[in-house]
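Here's a quick tour of a ligand site and what sits around it. Have a look at the structure first, then read on.

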Amino acid sequence: MLKGKHIVLGITGGIAAYKSVSLLRLLVKAGAEVQVIITPNGKEFITPVTLSALSGRPVISEFFTANTGQWNSHVDLGLWADAMVIAPATASTIAKMANGVADNMLITSYLSARSQVFVAPAMDLDMMSHPSTTCNIDKLRSYGNIIIEPAAGELASHLVGKGRMEEPENIFKILEDYFRRHATLTGKKVLVTAGPTYEKIDPVRFIGNYSSGKMGYAIAEEAAARGAHVTLVSGPVAIKTTNPDIEVINVESAKEMLEACRQHFDDTDIAIMTAAVADYAPAECAEVKIKREKREDTPVLKLVKNPDIAATLGAMKRNDQTMVGFALETDNEQANAEDKLQRKNLDYIVLNSLREPGTCFGTDNNKVSIFSRDGHRSDFGIKPKSAVAADILDIITSDNIQSLKSE
Ligand code: CTP
């Protein structure tokens, strides 16, 4: 899985730096091209000579190479990397990453990296449990970085507790697993709906809802990172996509969203419906602004039912297509979700509950359960929407692999 992959290995100033040599050897042996960036403090623990001999590339540490004056471009490295691994990551480096303190080559490269970043902290147990560190690590998680949790054991200080960098073999396995999963959607076409819909009352007013689009955008990014070409049909939201393999179609109303989905559905392998579609729209949209002064009475808004996009596509679905819906429930959660799965002819339904504080609309986290058509239920803990997106795609793709195997 790692053959030909471009890995930036960041090494910082901790005793565990010696373990990075084993990680480097494993990566090179697996056929990866590894560019080591070491912080100035890292060089106190391990010599660049060892690292360049093993990686077959000059080790980068400074913004300029001293003897030639050559500028080391962090932007180029950020674009070159298929993955970035910072192991060991000290408390200081983690704090700089969390807060964008770009005073060395490793941090500038981190800030320029478009690839997945893996962080393997290593430090003394009290530093590890300090609120400053836990807060910074939480920030990195919220940026979508993957934290490789340190193990508990005897530390360099001879104290015993959590802070030992994960073993190189395990970090290597995590990377292998990442690249294995990320090849799963190569060549596939994924359709995602996201955000709210706005249903016009007059030229300046609409019926809408609080959906931020974050969950749908996270799914679109994750699917594109796994090799899919993604069509994202988005209601009005304030976020932007980053992956060039995502084609965004901006719509406003449910009718426009349905029309855009219809046009692409035939060519879709997987459709994931995260949009919070308004169930009703005003029966008529006034051509000019409805004025208060001109009316004596209190206006009554007549509503008509909007099309059900998921159910419409579900009725068109072929056997080789997979459809996923979302259900936001306040009561009878499982029964309501399963009913929607059947009614809309979906293959999976992702249930998020409004009862869970700090999740759903507008937040960065979500807590979901996924139900499949064949009666399986998977429950997940509260996590960033990017990680929820990965869980959803893991389930769909592993089930597809299993059903292909059994055919
Ligand atoms: N959905 C859709 N079009 C609609 C309504 C919902 O495509 N007009 C999709 C949503 O994107 C989601 C799923 O259907 O994937 C369930 O949405 P939800 O709002 O929970 O269900 P409703 O069918 O609107 O049912 P209710 O409001 O009664 O809970």
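The shell around the ligand splits into 9 nonpolar, 1 polar and 4 charged residues; here Ala, Val, Leu, Ile, Met, Phe, Trp, Tyr, Cys and Pro count as nonpolar, Asp, Glu, Lys and Arg as charged, and the others, Gly among them, as polar. That makes 14 residues surrounding the ligand, with M273, A275, A310, K340 and K344 the closest (near means a heavy atom within 4 Å).

Keep in mind that this is a predicted model, where local features need pLDDT of at least 70, side-chain atom pairs need 80 or more, and totals for chains, interfaces and linings use all residues. Numbering starts from 1 along each chain as its sequence is written, and side-chain values use heavy atoms, with hydrogens and water left out.

Three backbone contacts to the ligand are worth listing (N or O atom pairs within 3.5 Å):

| Backbone partner | Ligand atom | Distance |
|---|---|---|
| I309 | nitrogen | 3.0 Å |
| A310 | oxygen | 2.8 Å |
| F326 | oxygen | 2.8 Å |

Alone, the ligand would expose 570 Å², and the protein buries 77% of that (Shrake-Rupley, 1.4 Å probe).

Which elements give two or more residues to the shell? They are α11 (309–316) and β16 (322–329), and β16 gives the largest share, 4 residues. Helices (H or I, at least four residues) and strands (E, at least two) are DSSP runs numbered from the N terminus.

Between α11 and β16 there's a loop that holds D320. The D320 side chain makes a 2.9 Å polar contact with that of R318, and its C-alpha is 7.1 Å from that of D269, 51 residues away along the chain.

Terms used. A polar contact is a pair of N or O atoms within 3.5 Å; within protein, one must be able to donate a hydrogen and the other to accept it, and residues adjacent in sequence count only if both atoms are side-chain atoms.
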